[in-house]
Amino acid sequence: MRGRGNKRGNWLRIAVLLGMAAVLWGCGNGGDAASTATSSASQSSTAASKNAFVSLVPSGDGGLIIQGNNMNGVAGIALTITYDSSVLAAPTVTQGGLTAGSVMATNTQYAGTIKLAIVSNTALAGNGEIAAVSFATVNGIGNASLASVELIDGNGVAVP
């Protein structure tokens, strides 16, 4: 029984930290599109770790699918997507099947940036859709890229 209490304490700590990060994301935009140094050469991009990785895949309707691959053992995800706000506007993020039952927080308040945090009380497994992004306004082909991705395991340790 003692081990279970410690595990619950770790999950609570992880949830609180991710919640605080999501709240802090709303305290400023971290720079505008002109001052943010990110590359958005194409709409499909990948941020890889040693085992698990996240990719952006165009959904065909001007939206994006945030795809998780080999997510075995991942219990928390924090990521930032940048997009061309002169072409794409008013994003909406919908939780995907891979992360069903997890807690998700998003910040789409600042044009050109989407911040997403997800925490689960059980580790994810396999491949699947983390979330989908749709835009209310699509005026042509806009570029989007993953500016940052952080993955953590059930102990709050970064997944390499």
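Select the hairpin of S2 and S3 to begin: five residues lie between the two strands, and Gly60 has a positive phi near 95 degrees. The model on screen is predicted. From the turn, follow the two strands, which are antiparallel and joined by six bridges. One of the pairs to display is Leu56 with Ile66, its bridge partner in S3.

**Strand S3 and its other neighbour**

Select S3, residues 64-69. Is this strand mostly covered or not? Five of its six residues are buried, so to speak of S3 as mostly covered is fair under the cut-off of under 20% relative accessible area. Besides S2, strand S3 has an antiparallel link to S8, made of five bridges. To see the register, show Ile65, which stands opposite Ala132 in S8.

Now select Ile66 and display its contacts, leaving out neighbours within four places in sequence. Val54, Ser55 and Leu56 are on the list. Leu79 and Ile81 are there too, as is Leu116. The remaining contacts of Ile66 are Gly128, Glu129, Ile130, Ala131 and Val133.

**Glu129**

Move to Glu129, which is in strand S8. Its C-alpha is 6.0 Å from that of Ile66, although 63 residues separate Glu129 and Ile66 in sequence. With a relative accessible area of 30%, Glu129 is partly exposed. Which residues does Glu129 contact beyond its neighbours within four places in sequence? Ile65, Ile66 and Gln67 form one run of contacts, and Gly96, Gly97, Leu98 and Thr99 form another.

**The nonpolar core**

Next, select Ile66, Met71, Ile77, Ile81 and Ile130 together. These are the residues with the most contacts inside the largest nonpolar core, which has 26 residues. The elements giving two or more residues to this core are S2 (53-58), S3 (64-69), S4 (74-83), S5 (88-95), S7 (113-119), S8 (128-138) and S9 (144-153). Which strand gives the largest share? S4 does, with five residues.

**Strand S4**

Select S4 alone. Of its 10 residues, 10 are buried. Two strands to display alongside S4 are S9 and S7. Nine bridges join S4 to S9 in the antiparallel sense, and seven bridges join S4 to S7, also antiparallel.

For the S9 side, show two pairs:

- Val74, which stands opposite Asp153 in S9.
- Ile77, whose bridge partner in S9 is Leu151.

For the S7 side, show Ala78, which stands opposite Ala117 in S7.

Then pick Thr80, a residue of strand S4. Is Thr80 buried or exposed? Thr80 counts as buried because its relative accessible area is 11%, and the cut-off for buried is under 20%. Leaving out residues up to four places away in sequence, Thr80 touches Thr113, Ile114 and Lys115. The other residues that Thr80 touches are Ser145, Leu146, Ala147 and Ser148.

**The four-stranded sheet**

Widen the selection to S6, S7, S4 and S9. In that order they form an open sheet with antiparallel pairing. The edge strands are S6, residues 103-107, and S9, each of which pairs on one side only in this sheet. From one strand to the next, the twist averages 10 degrees.

**The whole chain**

Show everything and colour by secondary structure. The protein has one helix and nine strands, and in sequence order the helix is followed by the strands, in the pattern α-β-β-β-β-β-β-β-β-β. Among contacts with a separation of 6 or more, 71% are between residues 24 or more positions apart. Switch to a surface view: the accessible surface is about 8300 Å², and carbon and sulfur atoms account for 53% of this area. Of the 160 residues, 37% are buried.

**Confidence**

Last, colour by pLDDT. The mean for the protein is 78, and 69% of the residues reach 70 or more. Where is the pLDDT below 50? Select residues 20-49. This stretch has 51 contacts in the model beyond near neighbours in sequence. Predicted coordinates should not be read in detail where pLDDT is low.

Terms used. Residues numbered from 1 in each chain as written. Predicted model: local features only at pLDDT ≥ 70, side-chain atom pairs only at ≥ 80, totals over all residues. Heavy atoms only, no water. Buried < 20%, exposed > 50% of the residue type's maximum accessible area, 1.4 Å probe, protein only. Contact = heavy atoms within 4.5 Å. Areas by Shrake-Rupley, 256 points an atom, 1.4 Å probe, with all protein chains shown as cover. Core = buried A, V, L, I, M, F, W, Y, C linked by side-chain atoms within 4.5 Å. Pairing = 2+ DSSP bridges. Axes fitted to C-alpha atoms, helices over the stretch in contact; angles between N-to-C directions. pLDDT = per-residue confidence, 0-100.
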